Amino acid sequence: MPSDITPGLGPFDRFATHASNFFSKAWFFSLCVLLVLIWAPSYFLIGDLDTWQLIINTATTIVTFLMVALLQNTQTRADKAVQHKLNAIADGLADLMDHIAEADDRPRLHADVEELKAAVGLETREGA
């Protein structure tokens, strides 16, 4: 099975990627449904309504808290990767338009190049 994990990631990022892949499977959702199905009739074993509710509330809160942190890490890295790709495409397009504008003196094309650079912040990004 090929790995889709980028080399050079830190231990937490690798763990977050594995966790994201694990949590996104249908069988994990089925496991969560099974947990609720097992919990629901457990009231008859526990007998105390407050304890019974506390068990599921505590378990779901802990799992949700940890999953949000891990999934947010993965989502942030994915967003940065997409933004990097879009910047590269915009930069390449601006360079191509610059070369065409140099070869052909069209004022509208020069204006389009400047508009593209301003729209994607190429001047700022290149200078930083």
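**Close-up views of a predicted model**

**View 1. Contacts of Phe23 in the predicted model.** Beyond residues up to four places away in sequence, Phe23 touches Phe28, Met67, Leu70 and Leu71. Phe23 belongs to helix α1, which covers residues 11–23. For one of these partners, Leu71, the separation along the chain is 48 residues, while the C-alpha atoms of Phe23 and Leu71 lie 9.0 Å apart. Phe23 has a relative accessible area of 21%, so this residue is classed as partly exposed; the limit for a buried residue is under 20%.

**View 2. The ring cluster that includes Phe23.** Phe22, Phe23, Trp27 and Phe28 are linked into a cluster by ring pairs. Within this cluster, Phe23 and Phe28 also appear among the contacts of View 1, where Phe23 touches Phe28. Over the whole structure, the search for aromatic pairs returns 7.

**View 3. The aromatic pair of Trp39 and Trp52.** Among the 7 aromatic pairs of the whole structure, the one formed by Trp39 and Trp52 is stacked, with 4.2 Å from centre to centre and 10 degrees between the planes. This pair links distant parts of the chain, as Trp39 lies in helix α2 (residues 26–39) and Trp52 in helix α4 (residues 49–103), 13 residues apart. Trp39 and Trp52 are both buried.

**View 4. A nonpolar surface patch with residues of helix α2.** Phe22, Trp27, Phe29, Leu31, Val33, Leu34, Leu37 and Ile38 make a nonpolar patch of about 810 Å² on the surface. Helix α2 is the element that gives the most to the patch, with 7 residues. One of the patch residues, Leu34, is placed in helix α2. The relative accessible area of Leu34 is 43%, and therefore Leu34 is partly exposed. Phe22 and Trp27 of this patch are also members of the ring cluster in View 2.

**View 5. The largest nonpolar core.** This core has 5 residues in all: Ala94, Met97, Leu109, Val113 and Leu116. Helices α4 and α5 (107–120) are the elements that give two or more residues to the core. The most comes from α5, with 3 residues. Met97, a core member, is in contact with Leu109, Asp112, Val113 and Leu116 when neighbours within four places in sequence are left aside. Of these contacts, Leu109, Val113 and Leu116 are listed among the core residues.

Note on methods: Residues numbered from 1 in each chain as written. Predicted model: local features only at pLDDT ≥ 70, side-chain atom pairs only at ≥ 80, totals over all residues. Heavy atoms only, no water. Phe/Tyr/Trp six-rings, centres within 6.5 Å; stacked < 30°, edge-to-face > 60°. Helix = DSSP H or I, 4+ residues; strand = E, 2+ residues; numbered from the N terminus. Buried < 20%, exposed > 50% of the residue type's maximum accessible area, 1.4 Å probe, protein only. Contact = heavy atoms within 4.5 Å. Patch = residues over 30% accessible without salt bridge, like charges linked within 9 Å, V, L, I, M, F, W, Y side chains within 5 Å. Areas by Shrake-Rupley, 256 points an atom, 1.4 Å probe, with all protein chains shown as cover. Salt bridge = Lys/Arg side-chain N within 4 Å of Asp/Glu carboxyl O. Core = buried A, V, L, I, M, F, W, Y, C linked by side-chain atoms within 4.5 Å.
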